[in-house]
Every structure is written in C-alpha cells, then in structure tokens.
Amino acid sequence: MNEAMRPYKGLRVLDAGQGIAGPYCGMMLAACGADVIKLEPPEGDWSRGLGTAKDTVSVMTVCFNRGKRSVVLDLKSEDGKRAAAALAAQADVLIEAFRPGVAARIGLGPENAKPDAVCLSISGFGQSGPYAERPCTDSVAQAFSGFVSLNEGADGAPHKAGAFIADMATGIYAFSAVQVALAARAQDSTPRQRVIDMSLMAATSNLLTHQIGEWGVQGKSAAPPNAPAGAYRAADGGWVMITLVREAEWPKLCGALGLADIAADPRFLNFDLRWQNRDALYAIIRAAFLKKTVSEWVTILQGERLLADRVNTPLDWLANDHVVAYGAAARIPQPQLGAVPLPMLPGLGHWMAEAPALGQHTADVLAELG
C-alpha cells in the first residue's frame with residue numbers, strides 16, 4: 001500500500017470482535033497504519049475454524065485479520081478482565097461485538113476507555129429497542145432487512161446472497177463511522193468520547209436505500225425499474241447478465257437479440273408494461289439467449305453499447321484478463337495456508353500483511369502493559 005494512505009500510524013486499536021463485521025473494520029484500520037490488537041478467547045475467534053484452515057488460521061482469518069496482533073485472554077477470569085480493561089484504557093479505538101451490556105461487565109465498555117476514545121459497538125439490532133438482545137447473523141440480517149425478499153430464485157423462493165453482504169457492509173460502514181469520529185476528535189479542544197452504535201440491521205438496510213424508499217412511497221410492492229434485466233442462460237450453459245437504464249435501450253436490445261418484431265409490441269412498450277407482462281417477455285428472451293454462446297452474446301451486446309456481461313465465478317474473476325492486467329487481486333503469503341488470493345482494498349490498494357496465529361503476540365502485548 002501507498003504509505004501516504006496510512007495516516008493512522010501511532011493509533012492503537014483494540015479489536016474484540018469476532019467473525020467478519022468488527023474484524024473487517026479493524027483490518028482496514030490496520031491497513032491504514034493503526035496498531036490493531038485482536039483480543040480473542042482461549043478457543044479463538046470462531047472464524048478461525050471455518051472453511052479452509054490449518055494451525056488456527058483460516059482463509060477467513062487472512063481476509064479479516066491480517067496485519068493485527070493476536071492476544072488471548074480468558075475474560076471469564078478476573079485476571080483476564082483486568083488485562084482487558086488495561087488494554088481498553090490504552091486504546092484510541094475500542095471495537096466490541098458482544099450482546100448489549102456484556103462489554104461493560106468484562107472491562108471493555110466505554111467506561112474502561114480513554115477520555116477521547118472512539119468506542120464502536122457492533123450488534124445485530126443495535127444497543128436499544130425490543131430486539132436488542134436478539135441473536136443475529138449475516139443471513140438473519142439479509143432476511144430482516146428485506147434483501148432476501150427481493151432475491152427470488154427460479155424456484156420461486158426467496159434466497160440470501162451467497163456473499164456475506166450484511167457482515168461486509170457493517171464492517172465498511174463501521175470503518176467509515178470510525179474515521180468520521182477520528183476526524184472529529186482531531187478538532188476537539190477538550191477530550192470527549194464518541195460512542196458508535198453500529199448494527200447489522202442498519203447497515204444492511206442501507207444497501208436497500210432505494211427499495212425501502214420506493215416501496216415506502218408507493219405503500220406496496222414496487223416493480224423493479226428496468227425489466228427485463230436479469231441473468232439468462234446461453235447455449236453453452238453459461239449465463240449472461242443484462243440490464244437497461246433507459247427506454248431507448250429496449251429497441252437496441254431487441255435488435256441485438258434478433259427480436260426486432262417485439263420492440264413495438266404493445267405489451268412491452270415501457271418498463272411498467274414489460275414488468276406487468278414479464279412472464280410472456282421472459283419466456284421470449286430466454287428462448288433467444290439459448291441460440292448463442294455466452295461469448296457470442298457478450299460480443300454482440302457490448303458491441304451495441306448495451307449493459308451486459310458474463311456471469312463469472314470467483315475463479316473466473318481471478319483468471320480474467322482485465323483483473324490480471326489491472327492488478328485487482330494479489331496473493332497474500334500466509335505460512336499456514338500458502339498464498340491466499342484476495343482482491344485489493346478499493347481505493348487503498350493491496351494489504352499484504354500476514355494474519356496472526358492464535359495468541360501469537362500475547363506475551364509481547366501484555367509486557368507492554370508494564
């Protein structure tokens with residue numbers, strides 16, 4: 001990474017989160033120069049055992065914890081609580097993701113932090129309200145926010161996204177909020193704490209800003225604005241994604257698909273009518289796409305300056321010529337796993353640091369406490 005994009009050197013962060021949301025925020029702060037201490041229980045962050053893993057390090061550990069120092073404390077013991085409180089007292093940014101009220105009981109609440117600390121609490125539904133105590137995961141947040149209802153599959157059932165969009169969005173929004181708080185802290189004439197209440201519910205709902213606004217204004221289910229956008233299977237079994245953003249693109253799409261005769265069909269004259277008659281329209285377009293391969297369709301559609309591309313798998317993306325030429329992915333060397341391919345941090349570049357083994361830095365960090 002460009003050193004000019006690492007302004008947080010000298011900043012101490014105590015990251016007591018597990019999984020994705022809190023650790024992702026902490027990892028980005030580390031990438032920007034902060035000294036991030038990852039506080040873990042004796043059994044480790046639960047994500048250390050998910051997916052491909054070896055010797056306490058998983059691919060998920062590398063994704064969300066590289067560049068940190070790992071400290072193991074037993075927060076059920078009095079010694080562990082005292083050490084945690086001492087670490088919190090030194091932190092400029094304190095990240096926790098326990099159930100509301102738990103952090104205060106174990107020495108990781110705002111009352112344990114510096115007078116000018118930024119205290120970030122991440123939870124499923126926020127620190128207050130009737131759902132504050134409810135457990136929440138990425139899939140629950142996707143369902144609760146309304147995202148799943150908008151992601152109907154060919155089987156007619158609503159589906160969660162395969163990616164951890166709720167957790168990732170929460171980590172990104174948390175990183176943004178912490179940066180705002182740090183910028184505000186720099187303007188203070190007297191020290192003051194800033195406490196950030198970040199929830200998966202709030203973050204995921206922000207991914208649906210337009211849909212929530214549109215449905216709320218109409219007071220009913222709102223049609224997507226660009227039928228017949230979607231993914232269509234081609235002759236070789238692959239899929240092509242298309243979308244429309246202007247009415248003028250409809251006749252161009254019809255011509256490219258060899259369907260000029262339906263461009264003026266009264267059932268399909270505008271976005272609203274195309275949605276109302278979508279069953280008939282989709283059947284026509286599906287049949288058309290089955291006549292050529294993905295590569296042929298992408299060449300034809302992009303040649304007409306239409307918004308279309310192949311549906312890639314993650315492996316397709318890694319091998320793509322443009323991705324390679326752009327340098328959009330890099331292989332992070334990790335002793336336990338070998339080289340782990342990861343995308344760059346948008347706008348920041350590649351963060352090549354290793355992820356720590358469980359408790360790797362406990363002795364060093366505790367020695368720093370004196």
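This passage describes a helix pair and a three-stranded sheet in a predicted model.

Helix α1, spanning residues 21–31, packs against helix α6, spanning residues 165–185, with the two axes 7 Å apart. The angle between them is about 45°. Because angles under 35 degrees count as roughly parallel and those from 65 to 115 as roughly perpendicular, α1 and α6 are therefore classed as oblique to each other. The crossing of α1 past α6 is right-handed. On the α1 side, the contact is formed by A21, Y24, C25, M28 and L29. The α6 side contributes D167, M168, T170, G171, I172, A174, F175 and V178. Of the residues in this contact between α1 and α6, ten are nonpolar, two are polar and one is charged.

The sheet is open and consists of three strands in the order β9-β10-β11, paired in the antiparallel sense. Strands β9 (230–233) and β11 (307–310) occupy the edges; each has a single partner strand, so one side of each lacks a neighbour in the sheet. On average, and with direction ignored, neighbouring strands of the sheet are turned by 25° against each other. Four bridges join β9 to β10 (residues 239–243) in antiparallel pairing. Within this pairing, Y232 has V240 of β10 as its bridge partner.

A helix also packs on this sheet: α11, residues 278–289, touches β9 and β10. The direction of α11 makes about 50° with that of β9.

Definitions and conventions. Residues numbered from 1 in each chain as written. Predicted model: local features only at pLDDT ≥ 70, side-chain atom pairs only at ≥ 80, totals over all residues. Heavy atoms only, no water. Axes fitted to C-alpha atoms, helices over the stretch in contact; angles between N-to-C directions. Helix = DSSP H or I, 4+ residues; strand = E, 2+ residues; numbered from the N terminus. Parallel < 35°, antiparallel > 145°, perpendicular 65-115°, else oblique. Left-handed = near helix turned anticlockwise from the far one by under 90°. Contact = heavy atoms within 4.5 Å. Nonpolar A, V, L, I, M, F, W, Y, C, P; charged D, E, K, R; others polar. Pairing = 2+ DSSP bridges.
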